[in-house]
Amino acid sequence: MGHGNKPGQRQVLESVYSAIALFFILVACVDLCDAATVVDVYRLIQYDISGAQFGSRLANLNHHAGSLHSPPGSDLSRTVLIIPLRDLNITFVTEYITQKQPLGGLLILLPRMFRPENIEMAKSSHQTDGDDQFKTVLAELEKLLVHSKIPYPVYFAFEDDDIEAVLADVKRNDASGQPATATTGGYKLVVSVPEPKKRASPTITNIQGWLSGLKTDEDTNQLPTIVIVASYDTFGAAPSLSVGSDSNGSGVVALLEIARLFSVLYSNPKMRGRYNLLFGLTSGGPYNYNGTYKWLRSFDQRLRESVDYTICLNSVGSWDKELWLHVSKPPENAYIKQIFEGFSDVAEELGITVGLKHKKINISNSRVAWEHEQFSRLRVTAATLSELSVAPELFESTGSLLDGRLFVDETAVIKSVKLVAESLARHIYGHKGKNIQIFAENSSLAVNPSYIKSWLDLLSQTPRVAPFLSKSDPFILALKKELEDHTDEVNVQHEVLDGVFTFYDPTRASLNIYQVASVTFDLLLLLVLGSYLIVLFSFLVITTRGLDDLISLFRRPPSRKVKAA
């Protein structure tokens, strides 16, 4: 009889094990039961300057979602605030950060029009009108985040239908006095990424293209050289979104078009001027023009002495009628007067204005506000052409979240190219003061708007924060190839970024948004599951072994003393 019960017992045990396994699987799924959506997010930059820490110091998220509608005095230490940029209260965020109040995390939602694929649609619907206040708030927010040490994760994302639906639910719950918690349920935001780690020995890459002038037998000395320079890298609150369409994508595009124009001009031996042209695309611009500093120190003494003057191009894609020529030497300096007069003559013909700004450099101060100051420190005559009337602060106007394709006009870049190209050509060919258009419209030397637009579009889709660009990055290779097409000789210089600056990965991630149930729901579900398992177990025992065996399971077994008796 005892042996006859073993198959039944084994069947019961197997059924019980299956039920228990099902129980644990269901319990594991109770908390995260509904994945609402997955969103691409872009992390606030994390960096150090001489050991001082800035930016977001954490990357992982695993907290409930909240909104600005949370009840006053709420504990937000385990809450991720979702704040659309349009609703952002800069005073609230400033107080939270400066007073170091606890917060689980921060998710800033950027408008849809900021997406590169939405630019044309935004332009056609005139969504940029009346956004001055909006731009001011974003500029203040970015400055605050970049220059603060923030002990929790901060991410940016673009608005879309899914995340707006989630935010609407979160706002509704917060407004009703039931913010998301472990007790009430709601939405949970989860970002799982490796802990931030330092970028080891980040490199900066300088690219130069040399266009040789015509040297005759009578020229015993080296031909004079004119240098045209633009820094191509960026810095912004979110490295993966820092495209710097204007600062300094517009300067890079202007340089490439000027190189193309003079390559066509110099391709005719009769038109090849007796000036060498040196085009430099430099890196490390936001970091005191560190790349320019190292590039200049690679020049031999003979080349440095041959430089007649240098024109640096910075932010020339968002202006209407006025540009500024920034110099370090006094305006009465003969070379500065010559450069300024040449630009002013062409500007007058184009119906625009060029102003002159003099800012004396302080050799004892390592801070470099303009690229031309690196040349001036080596006593090379140089100037920066820019729409900016004053020198930007550190990490200002270097590729902010506002500096996208939407806010750059290729017409402004075209006018900048005409201004610089005509001024250089008149200087090279001795046509100073003459109303002669060398790069006239509808000629083979005309500025190419399609070329400018295509490069602006490319740069506006390419984040270029130098520490996150490799030596063989496709963008760097594209710049090198473009200069090779327009110049005689191209050289690439790789250098290590100044060790004062330290940067950290990661810069982007995926955000999983889960809809989680409340504890009350969890307990109710567990109760239902438990009741179901008890009924299932009882049914299996009764059908395989009988009611008596089920009852015997709950009887107290006789003690050993009773058995012995």
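The legends below describe close-up views of a predicted model.

**Figure 1. Overview of the predicted chain and its confidence.**
The chain holds 16 helices and 20 strands. Of its 565 residues, 51% are buried. Its exposed surface comes to about 26900 Å², with carbon and sulfur atoms supplying 53% of that area. Among contacts between residues at least 6 apart in sequence, 83% join residues at least 24 apart. The average pLDDT is 87, and 85% of the residues score at least 70. Residues 1-5 have a pLDDT below 50, and this stretch has 0 contacts in the model beyond near neighbours in sequence. Residues 28-33 also have a pLDDT below 50, but for this stretch the model shows 10 contacts beyond near neighbours in sequence. Where pLDDT is low, the predicted coordinates should not be read in detail.

**Figure 2. The open sheet of 5 strands.**
The strands follow the order 7-3-2-19-10, and their pairing is mixed. Strand 7 (149-150) and strand 10 (197-198) stand at the edges; each has a single partner strand, so one side of each lacks a neighbour in the sheet. Within the sheet, strand 2 (residues 46-49) and strand 3 (residues 52-56) run antiparallel and are joined by 4 bridges. On strand 3, Phe54 is the residue that stands opposite Tyr47. In general, strands of a sheet pair through backbone hydrogen bonds, either parallel or antiparallel.

**Figure 3. The largest nonpolar core and a second, separate one.**
The largest nonpolar core contains 64 residues, and Phe262, Leu281 and Leu313 have the most contacts inside it. Helix 6 (residues 245-266) gives the most to this core, contributing 11 residues. A second core, separate from the largest, has 47 residues, including Tyr47, Ile83, Leu88 and Leu401. Tyr47 thus appears both in this core and opposite Phe54 in the strand pairing of Figure 2. In soluble globular proteins, nonpolar side chains tend to be buried together.

**Figure 4. Surroundings of Leu281.**
Neighbours within four places in sequence are left aside in this view. Leu281 is in contact with Thr205, Asn206 and Ile207, and also with Ala230 and Tyr232. Further contacts of Leu281 are with Val252, Leu255 and Leu256, and with Leu479 and Leu483. Leu281 is one of the residues with the most contacts inside the largest nonpolar core.

**Figure 5. Gly213 in the loop between strand 11 and strand 12.**
The loop that holds Gly213 joins strand 11 (203-211) to strand 12 (225-231). Gly213 counts as buried because its relative accessibility is 14%, under the 20% cut-off. Gly213 and Arg274 lie 61 residues apart in sequence, while their C-alpha atoms are 4.8 Å apart. Apart from neighbours within four places in sequence, the contacts of Gly213 are Leu223, Tyr266, Arg272, Gly273, Tyr275 and Asn276.

**Figure 6. Lys415 in helix 11.**
Helix 11 spans residues 410-429 and includes Lys415. With a relative accessibility of 23%, Lys415 counts as partly exposed. The side chain of Lys415 reaches the backbone oxygen of Asp320 at 2.8 Å. Setting aside neighbours within four places in sequence, Lys415 is in contact with Trp319, Asp320, Leu350 and Ile352. Lys415 and Trp319 are 96 residues apart along the chain, and 9.8 Å separates their C-alpha atoms.

Key. Residues numbered from 1 in each chain as written. Predicted model: local features only at pLDDT ≥ 70, side-chain atom pairs only at ≥ 80, totals over all residues. Heavy atoms only, no water. Buried < 20%, exposed > 50% of the residue type's maximum accessible area, 1.4 Å probe, protein only. Contact = heavy atoms within 4.5 Å. Polar contact = N/O pair within 3.5 Å; in protein donor to acceptor, adjacent residues only side chain to side chain. Pairing = 2+ DSSP bridges. Core = buried A, V, L, I, M, F, W, Y, C linked by side-chain atoms within 4.5 Å. pLDDT = per-residue confidence, 0-100. Areas by Shrake-Rupley, 256 points an atom, 1.4 Å probe, with all protein chains shown as cover.
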